[in-house]
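Student: Could we go through how to read pockets, cavities and domain contacts in a model like this one?

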Amino acid sequence: MSANLIHLLVEATLQTLYMVAISGLLGALFGLPLGVYLAISQRGELLSSPVINKVLGLVVNATRSVPFIILVVAIIPLTRMIAGTSIGTTAAIVPLTIAAVPFIARLVENAIREVDGGLIEAARSMGATPFQIIRKVLIPEALPSITLGLTLALVSLIGYSAMVGAVGGEGLGDLGIRYGYQRFMPDVMLVVVVILIVLVQLVQSLGEWIAARVDKRAPKSRGN
Amino acid sequence: MSTNITPKRDAQTRPERDGSPQGASIVFEDVGKSFHTPAGGTVTAVEDVNLTVEPGAMTGVIGRSGAGKSTLLRMVNGLERPTTGRIMVAGHDVGAADAGALRMIRRDVGMIFQHFNLLASRTVAGNIALPLEIAGEDRAKIPARVAELIERVGLSAQANRYPAELSGGQKQRVGIARALATSPKVLLSDEATSALDPETTQTVLALLRDINRDLGLTVLLITHEMAVVRDIASHMAVIDGGRIVEAGPTYDVFTQPRHPTTRSFLSGVTGVTLPAFIAGRLRDTPTRGTKEEEVIRVTFAGTHATDPMLALLSRDLGIEVNILAGAVEEIGARPFGNLLVSLDADRAQAAREYLERHGLLTEVLGYVS
C-alpha cells in the first residue's frame with residue numbers, strides 16, 4: 001500500500017473521529033436534557049405535563065423513523081443554514097447531530113425511568129426541588145445506564161458517519177466507497193473495515209469500563 | 001370519632017432538654033383522602049381521622065395492608081394531600097402549604113422507609129449528606145454534621161461504603177441518620193422494620209427509642225406488627241378501613257382493647273389463645289342443669305399484675321381455678337398479664353366480682369362441659 005494511501009487512511013480516520021466526536025458531544029448536549037424531560041414530564045411524574053410530553057415524543061419518533069441516508073439529503077437546506085454549506089465533513093455534523101439527539105434522548109429517558117420511584121419520594125420528603133431531584137438523584141442514579149446509552153449512540157454514529165459521503169462528507173466510510181468499491185481496491189476496503197471494527201471495539205470497551213466504574217449498585221471487592 | 005392521645009411523661013417518652021430540637025405536635029382534623037381510579041371511580045383510603053400526636057410522643061399506628069395507614073403517614077409530610085380536613089404539623093397546615101412552604105415543612109419532618117430508599121450511587125456519608133445539600137447547608141459544615149450522625153447510628157466503620165455493601169439493618173441505620181440530618185422535629189417511619197429479620201428489628205427499634213428519648217422528637221410510625229408498637233410506642237392508634245377505630249396509650253389499648261380489630265392484632269402478639277381442644281368445645285351460652293365450667297380471660301394490669309390473685313381467690317372463696325393459657329409481658333416497662341382460666345360455672349359470677357374488686361379485668365369467653 002502506497003504512502004499516499006496510508007496518508008488517506010489516517011486522514012479519513014481522523015475525519016471520522018472528528019464527525020463522531022462533535023456530533024456525539026452535541027447530541028449528548030441536547031439529548032440529555034431532552035431525555036430527562038421526556039422521562040419526568042410523563043403523566044404523574046415529577047414535572048407532569050402530558051401534552052408537551054406527547055408532542056415531544058412524536059417529534060422524537062418522527063426523526064427516528066427517517067432512515068439516516070434520507071435524513072442527510074432531506075435536511076440539506078437546514079444544514080446549509082447552520083453550517084453555511086451543505087457539503088463537506090463539517091456540514092455532515094448537522095445531520096449526524098440531528099440523528100443523535102432523539103436517539104440519545106430515548107436512551108436517557110429509559111435510564112431515568114429505571115430509577116426507583118422510592119428514591120424520588122425520599123428526596124421529595126427531604127424538601128428537594130424538582131431540579132435538585134434531577135441533579136442529585138435521577139442523573140447520578142441513572143449514570144451507569146446513561147453511560148452505556150451514550151456508548152451505544154457513539155457506536156451508531158460511527159456507522160452513520162459512513163453514509164455522509166453522499167453529501168460530500170469524508171471519513172472512513174467515504175474512503176471505503178470511493179477507493180475500495182468504485183476503484184476496485186479491496187485492500188483499502190479491508191483496512192477501512194478493520195479500522196472501523198477497532199474503533200467500535202475501543203468505544204464499546206471504554207464505555208463499559210466507565211459504566212462499571214460509576215455503577216455502585218452491586219457489591220464488589222474493594223481492592224483499590 | 002374523636003381521639004386525643006395525650007402522652008404520659010413517663011421514662012419512656014420524656015425528652016431530655018439538652019438544647020436539642022424539641023418535637024412538634026401532629027394534629028389530624030377530620031382528615032379524609034380519596035383517590036381517583038383510572039376507571040373513573042373513587043377509592044376512599046382515609047376517612048374522618050381525628051388524632052393528636054403530642055410533641056415528643058412515640059406513636060404507633062397499626063393496621064393491615066390497605067387499611068390506609070401509609071396514606072395517613074404520607075399526608076404528614078405532604079407526599080399526599082388530604083381531600084378533606086387538615087393536618088397541622090408544628091402549627092403549619094401541611095395540606096394548604098404551597099410548594100415552597102411545603103419544602104420548609106419537610107425539612108422539619110424526617111422520614112424512613114421500608115425499603116430504605118438509599119441512593120446506590122452515594123456512600124453512607126454521601127447519603128446522609130443529601131438532605132443537608134438539599135437544604136442548602138453550608139458545604140464546609142456538612143462533613144462534621146455527617147460524622148456526628150454516622151457516630152450516633154454506629155456506622156463509623158462503614159462511612160465510605162456503598163449501600164450495596166451493607167446489611168439491611170445497616171441500611172436502615174443510614175436511613176435513620178439521613179432522616180435526622182436536618183434536625184427535624186418529627187420522624188415518620190413507614191414500616192421501617194418490615195423488611196428486617198426479628199433480631200435486626202430489635203436493634204433498629206432500640207435506636208428509634210434512643211433517638212426519641214435523647215432528641216425529644218415526635219415519632220409517628222406505621223406498622224402491621226403489634227410487637228413493634230408494644231416494644232417502642234408510648235401511644236397507639238388502630239386503623240381499619242381508613243378509620244381510626246381505637247387509640248390511646250399503648251398500655252391501655254393492650255390491657256383494655258375494645259375493637260375487634262385491636263383484639264385480633266393482640267391475639268397475634270400476646271400468644272394467649274385457647275388450646276384447640278377447648279376452643280372447639282366452647283359454647284356461647286351455659287346449658288342449664290349440667291355441670292359446666294366457665295372460661296374467662298383475666299387481665300392483670302398495673303400494680304396487680306404481679307399479685308398472686310388466683311391463689312388469693314382459692315383461699316378466700318374456696319374456688320378452684322384451672323389455668324388454660326397465660327403470659328405476663330411488659331409494655332412500656334409496665335407488667336401486663338393475660339390468663340385464660342376455667343372454673344365452676346355456678347360460682348363464676350362470684351369469682352369474677354372478687355377479681356374485679358381487686359382491680360383485674362375479666363371477660364367471659366364461653367362455657368365448656
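**Domains and empty spaces**

Tutor: Sure, starting with chain B, whose assignment, taken from an automatic or database source, gives domain 1 (3-108 + 184-268) and domain 2 (274-368). Keep in mind that this is a predicted model, where local features need pLDDT of at least 70 and side-chain atom pairs count only at pLDDT 80 or more, while totals for chains, interfaces and linings use all residues. Residues are numbered from 1 along each chain as its sequence is written, chains are lettered from A and ligands numbered from 1 in the order in which they are written, and side-chain values use heavy atoms, with hydrogens and water left out.

Student: How many residues of domain 1 of chain B are in contact with domain 2 of chain B?

Tutor: Contact means heavy atoms within 4.5 Å. Here 8 residues of domain 1 of chain B touch 12 residues of domain 2 of chain B, and the C-alpha centres of these two domains lie 34 Å apart.

Student: What area is buried between domain 1 of chain B and domain 2 of chain B?

Tutor: Buried area is the accessible area (1.4 Å probe) that two parts lose on being put together, summed over both. For this pair it is about 870 Å², with carbon and sulfur atoms giving 60%. On the domain 1 side, B:R230, B:Y251 and B:T255 supply 64% of the area buried against domain 2 of chain B, more than any other three residues.

Student: How many salt bridges does the rule find across that interface?

Tutor: The rule wants a side-chain nitrogen of Lys or Arg within 4 Å of a carboxyl oxygen of Asp or Glu. It finds 0 between domain 1 and domain 2 of chain B.

Student: Now the empty space: which residues are closest to the centre of the largest pocket?

Tutor: Rolling a probe the size of a water molecule over the atoms shows where empty space is left. On a 1 Å grid over the protein atoms alone, a cavity is a set of points where a 1.4 Å probe fits but cannot get out; a pocket is an open set with protein on both sides within 12 Å along at least five of seven lines, and lining residues have an atom within 4 Å of a point. Points are joined across faces, edges and corners, and the volume is the space filled by probe spheres set on them. The largest pocket holds about 550 Å³. Of its 19 lining residues, A:E45, A:L46, A:R124, B:L79 and B:R106 are the closest to its centre.

Student: And how many cavities of 30 Å³ or more are there?

Tutor: The structure holds 4 of them, and the second largest has a volume of about 110 Å³. Of the 13 residues lining that second largest cavity, the closest to its centre are A:M126, B:G110, B:M111, B:R178 and B:A179.
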